[in-house]
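Me: Please take me through the reasoning behind the terms applied to this model.

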Amino acid sequence: MPGSQLCARCRASLAVQSMAFDVNPPRASDAVRRLPMPVRQFWYRQRMAVSRMIGSLRGENLVEVLTRRRSIARSRTDGAGLISSPGDWLLLAVPGLVQWRYGEQTRGKIAMGVFAVLLFVGVIFTGQAIGSAAQGLMVAWHIACTVDAVQRAFDGLRDRIVVTLFSAVALVGLIYWPLSSAVSRVAMPISLNMPLGDFNQGDVLIVNQIANPTVGRLVLYDQPVAQFTGTYRNLNAVYRQEGQWIGRVIAGPGQEVTISEGKVIVPADCVLIERVGGQTPIVEGFEMPSPFVIVRKSSIVGTVYLRTHPLHRFTSL
Amino acid sequence: VARFDKLEWDDEDAPGPLEPRESSGEKDEHHWFAMAEKQRRDGLHENALRFYSRTLEVNRSLVEAWVAQVQMLVMLGEYPQAITWSQKALELFPSHGDLLASQAQANCRLGDFKSASSLSDASLKQRGETAYQWQVRGEVMTATRQKNDRHCFDRAQILSQDFLVPLESALIYIYHRAFVKAQQRARAALDRQPDSHFAWLTLGRCQEESGMTDAAIQSYEHCLEMHPNHSEATQRLSQLRQSGWSVKQVFRRLFTRE
């Protein structure tokens, strides 16, 4: 129709030429355009997922929405949670596996993915603050995933608190406590609080507590208490050496060793150890009498077999 | 007979709506559109986007320029902006098939396959199918690992004889890391336009990503014969010539997606 602003057939604007609007498209910010394409795409996808979620909630009462979702989830499982058979309890050992099995694939993927990331960080940075934090978060995440699967059958707040506590105790008692005890027997991390020979302060070493300390291996041992005299800032002082140290086993029980100070026969149930760092004075003004020490086998904590930190010096020892 | 005076007949001698006209010396929308198309065929999407905008400054009713703007934003990896712009264009040209397809493409790149599929369906339901609509349909199928993507891209090539259709199909496959299929499309583009340096560059990229180093070097050399100062081809060529054997290349060759 003459004078009409819209096409009667397709509803397209017939006044585009006379309308006032910008014809230059919006552009991404410089910072975003500098990002590599995969990173940029990941950023866009996350942003879109969040905005979609917010968009779906817009105009609705958040509490009502969450309640409705909860009731939908509960009706889907007939009030029995996600656990429907005795075998499902075993699936709880892996976070997200139950959710995965019962059709909540996205939830299951997120649960497993986060757990895997925390596990990876916890293993790589074991013995450091970040590793400990990751391990703690990993356990907490596992508990949260278990609670998510189990608690749907419970309505009241008190019931849910009980379920959460029970889940935490069960997971820690049945999985993490036995597992950490077993692992720490063969892989106990220690962090050096002072430089020793080739090792720097802060290096993380892994100790196997059940391996036999054979000749040539590095060991962590309890240092017999020893005192040395010397001067410190022009004052007479006593240096007391104790605690755990690292050394290399030179000879086993009954073996005879000739060293510069003379001949040594290692007593039964003892080993001769050369301290790492040798005679290097630990405190200026003191001289260590000898790098060699005879230690009872029972004083050996374990063999040191791996340096895991810093990562660029990751070595088998 | 006077009633039929206003009827429109195809005039084969007259230039098409977007073909550059001989006349005038004045830079009209046809001039800017032709400039944009040239830049696009050379793979300079940023410049092409600017020229499409210049086209629209002169004539805002050119829906082809609106579609091309969205396509360039997608090529430049600015997907949210592409969606915003396609929505704006759809307000002016509701239910335009190519605009719906362009929005579907941006949604697909953002991983929203559900919206992408429904928009692609809607675009194909509009009157008059175009190559771009089928390309987007093919991209959605590629992204969702369906098997009929080849048919869609073939259909696009039948609908348009322009070498840009198989070439941009190759770029779509490259984006989804299906380098073998991309190589086939790039070769189809070269069959139609053997002197396109951008097509040779695209073919070289596909070959390089597939681990076919010697073939990639040849393709880059062809590209440089036609465009001696092409910076990307020069850079890729020197990288290929300097690189020796690498595990990455072997794995690429073994696990390249068909």
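**The interface and one helix**

Reply: In this predicted model, about 2400 Å² is buried between chain B and chain A, with 55% of it on carbon and sulfur atoms. On the side of chain B, Arg60(B), Leu92(B) and Leu110(B) lose the most area to chain A, together 25% of what that side buries. The contact takes 32 residues from chain B and 26 residues from chain A.

Me: What makes Glu78(B) and Arg27(A) a salt bridge?

Reply: The closest N and O atoms of Glu78(B) and Arg27(A) are 2.8 Å apart. The cut-off is 4 Å between a side-chain nitrogen of Lys or Arg and a carboxyl oxygen of Asp or Glu, so the pair qualifies. The rule finds 4 salt bridges across the interface of chain B and chain A.

Me: Which elements of chain B give two or more residues to the side that touches chain A?

Reply: They are helices H2 (45–58), H3 (63–75), H4 (79–92) and H5 (97–109) of chain B. H4(B) gives the most, with 7 residues.

Me: How do you know that the span of helix H1 of chain B agrees with what it should be?

Reply: Helix H1(B) has 13 residues, 29–41, and the expected span is 1.5 Å times one less than that number, which means 18 Å. The end C-alpha atoms are 18 Å apart, so the two values agree.

Me: Why are Trp32(B) and Phe33(B) of H1(B) called buried?

Reply: Trp32(B) and Phe33(B) are called buried because each has under 20% relative accessible area. The buried residues of H1(B) pack against H2, H3, H9 (164–175) and H11 (197–209) of chain B.

Notes
Residues numbered from 1 in each chain as written. Chains lettered and ligands numbered in written order. Predicted model: local features only at pLDDT ≥ 70, side-chain atom pairs only at ≥ 80, totals over all residues. Heavy atoms only, no water. Contact = heavy atoms within 4.5 Å. Buried area = accessible area lost by both parts, 1.4 Å probe. Helix = DSSP H or I, 4+ residues; strand = E, 2+ residues; numbered from the N terminus. Buried < 20%, exposed > 50% of the residue type's maximum accessible area, 1.4 Å probe, protein only.
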